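Me: I should like to learn how to read some features of a structure. May we go through them one by one?

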Amino acid sequence: MDPGEGGSPAAPSTSVAAPGADADTREDAGKQVVVILVGPPGSGKSTFAEAVMAGAAAAGRPWARVCQDTIGKGKAGTKIQCLKAAADALKEGKSVLIDRCNLEREQRSDFVKLGCTVQADVHAVFLDLPAKVCISRSVSRTSHEGNVQGGMAAMVVNRMLKNKQAPLLTEGFSRITFCTDDDDIKKAVDMYSALGPSHSLASGVFGQKSKGPVQTGIMKFLKKADTSSVNKSSGTMVTSSERKTGQQNTTLKQENLEAGGACSMQVEKKLDNLKEKGEQSKERVSSDTSLCTLAFPSISTADFQFDLEKASEVIVDAATDFVQKHDNVRLVLVDLSQKSRILSLVKDKAAKKSFDSSRFFTFVGDITQLHSKGGLQCNVIANAANWRLKPGGGGVNAAIFNAAGEALQHATKECADTLRPGNSVAVPLPSTSPLHQQEGVTHVIHVLGPNMNPMRPDCLKNDYTKGCNVLREAYNSVFENFASIARSYPGKQNDETSSRKSASGVISPNDSKTKREGIDDSERTKKCKLLPSILTSQQHHERKGTNTLSYHDNSMGSSDAPNQAREEDNKKNGGVTNKTWGSWAQSLYEVAMHPEKYKNADSILEISDEFVVLKDLYPKAKRHVLVISRTDGLDSLADVKKVHLPLLRSLHSAGLKWAHKFLEEDASLTFRLGYHSVPSMRQLHLHVISQDFNSPSLKNKKHWNSFTSAFFLDSVDVMDDVDQHGSATINPDEKLLAMELRCHRCRSAHPNIPKLKSHIGACKSPFPSHLLKKDKLLSVSTGRTGCS
DNA sequence: GTTCTAGAAC
DNA sequence: GTTCTAGAAC
């Protein structure tokens, strides 16, 4: 990093500004900074603080470190001692580093106030490392100043992380730096070490990756004297000297949005009024990162010429309905023009409805520059796409593809080839995309709405009955895709945990470890090596060319042949799936098509016209069976349409029947029924799996997360989804499988699989509240069928 | 889906 | 030295 960027550092200041000194004098002397570190034990706060102090000392800059772990004569002290030490240091003209966990807003608010009182810049540096890293480090250290080490450390870290609250600008910070790995931390240390008295760092939120915003140049230095040009160039900067005036409307909007109290539609009107008075109009709107936010354009009302009045009704209905059903999400309808008629119509209609208006509002701005120009942090944006999912064509589609670069085209290609009206597809935006880097957008959801323009494909010729239905389907599809993405955001999971009911009504796993292992062992001896034999059988047929399956008419006998045929079919049908399957992934398909060949194998539990029930060859729990659909052409959930709803219900009923049977044999079990978002094996299959996860075949992170993250879609939800929207909402994000290892009951984090397994063998916490709804869990105590 | 294994982490 | 993960191959 070049600390001289924007001007070389000046000589260290020796003058000390009195607390009451006016701003100009203070700026001459160099602005003091209060840096509040935020992070759990093991996140490296002390290392950070020591490195910055060393850098500052070497450069002769007056900094003080206030460390709660050592403030009591080398031992841990109190918050009050820290506050006093910080106040004293500030009086002496020093900048201050607050080295304590500060994970909750309340814990850090007094330090923020202290900084504001002496008109120092107040910064947060959030050391937001993966829980497992913090736990590993804190468990293994031996001479920690605050004695958070050894076996207790994991518990302490987990408890703290459960309640962590990411810092927000509205707390009074002028700058927040997120560090999610050691590289980020090093950069932040370098930055603060090199911070000269005549420099100040840019205001805003920097380095936040997982929740949307934004890596906007963590290394950027800005000359303090030039605040006016800062505002001109970026439109989002708010320095402390401006807070009295420029931040007025920012604060107004932030408070309203975050408190969820006042109507944000009104807030926008107030903001509009301020704009009319010539005030700064491009302030940061909300730094609330606890809400996953979707920005979406009005669908079909531009080039597709859909009636605005009717469209606005659909938007308001769909959006208000959605935010009422989902926590921790926010929807923002965006249009470029201040005079947008669709925005006014939606605002008017929304004002007449009763809902939490901080979670659905309208916004004037460019959907590709919401963060950098509008200060609105959106994790996900929707794109009014064309049916070929190609760039160009003008409007929002061209703008988004332009802004996102080639990365979006490639990522889109991997997810889908075409789109039908009323459908959407969520595309994870690679981190190489400028839209990801600069605006913090992690996903683009392409959606195709109904068309009323005779010059465009699939014109509905003013059939608004159909048109409104398709438009509603389109919005529902976008919102549900968004909900799936939101579910994978870490903050959401913490919230679910914190709202967990104390009494679950679900029986805990059997206390007797010996008994459990005994059952496992007996099952292992009975295990039939069915699947490899199927593979052998199929390969044998392929070699001999005697396979009766129609796709082997292909002269090459390639196992990819059916995929090619199906890809063609998918394209013809406008479907969005085009997955190819390796030869090893065909076993279930083979069983489903020819179960009679294997009827003597003890792995097959039941065969009907619609399904086959099969013991999983590598069970990931004491009891784990698959209910495999026998419908040819249904490879996975992505292929499921409304017409398959009766089939889904049959699979579910069969799953329930077997779960009940297993519960009769072992009343300590709890079952969950569901599908993998993206299965590894071809042929739609429902997992019926006991929640003990006590199995030697559960070996890695992917196994664990495929059954305990949002990657696992509950059968009841899938049936509802298909019933309401005509298809299942799938989040294809592979990141779900790479997430850190968390207990499926108490959500505590663990550094590796063996440690996780030893924890889940003992954890008696109730299941998270979201699993207790809709009979997603089946146990003797619930005694329910799950049929609706 | 699993197995194998190099190399990272401890 | 041992444990554990993650990527390649099947």
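Reply: We may begin with helix packing. Axes are lines fitted to C-alpha atoms, for helices over the stretch in contact, and angles run from 0 to 180 degrees between N-to-C directions. Please bear in mind that this is a predicted model.

Me: At what angle do helix α22 and helix α24 pack, and how far apart are their axes?

Reply: Two packed helices are described by the angle between their axes and by the distance between those axes. Here, helix α22, residues 645–665, packs against helix α24, residues 715–725, at an angle of about 165 degrees, and the axes are 10 Å apart.

Me: Are α22 and α24 roughly parallel or roughly antiparallel?

Reply: Angles over 145 degrees count as roughly antiparallel. The two helices, α22 and α24, are therefore roughly antiparallel to each other. In addition, the crossing in which α22 passes α24 is left-handed.

Me: Which residues make the contact between α22 and α24?

Reply: From α22, the contact involves Leu645, Leu648, Arg649 and His652. From α24, it involves Ser715, Val716, Val718, Met719, Val722 and Asp723. By kind, the residues of this contact divide into six nonpolar, two polar and two charged.

Me: Let us turn to the DNA. Which residues surround DNA strand B?

Reply: A residue counts as near a strand if one of its heavy atoms lies within 4 Å of it. In this model, DNA strand B is surrounded by Ser136, Trp584, Tyr618, Lys620, His676, Pro679, Ser680, Met681, Lys699 and His703. Of the atoms of DNA strand B that come within 4 Å of the protein, 56% belong to sugar and phosphate. The residues of the surface near this strand comprise four nonpolar, four polar and two charged.

Me: Which side chains have a polar atom close to a phosphate oxygen of DNA strand B?

Reply: For a polar contact, the pair of N or O atoms must lie within 3.5 Å. A polar side-chain atom of His703 lies 2.6 Å from a phosphate oxygen of DNA strand B. The corresponding distance is 3.0 Å for Lys620 and 3.4 Å for His676.

Me: What surrounds DNA strand C?

Reply: DNA strand C is surrounded by Trp584, Asn752, Ile753 and Pro754. Sugar and phosphate make up 69% of the atoms of DNA strand C that come within 4 Å of the protein. The residues near this strand divide into three nonpolar, one polar and no charged.

Me: Which atoms of DNA strand C do Trp584 and Ile753 approach?

Reply: A polar side-chain atom of Trp584 lies 3.2 Å from a base nitrogen of DNA strand C. For Ile753, a backbone N or O atom lies 2.9 Å from a phosphate oxygen of DNA strand C.

Notes
Residues numbered from 1 in each chain as written. Chains lettered and ligands numbered in written order. Predicted model: local features only at pLDDT ≥ 70, side-chain atom pairs only at ≥ 80, totals over all residues. Heavy atoms only, no water. Polar contact = N/O pair within 3.5 Å; in protein donor to acceptor, adjacent residues only side chain to side chain. Nonpolar A, V, L, I, M, F, W, Y, C, P; charged D, E, K, R; others polar. Helix = DSSP H or I, 4+ residues; strand = E, 2+ residues; numbered from the N terminus. Parallel < 35°, antiparallel > 145°, perpendicular 65-115°, else oblique. Left-handed = near helix turned anticlockwise from the far one by under 90°. Contact = heavy atoms within 4.5 Å.
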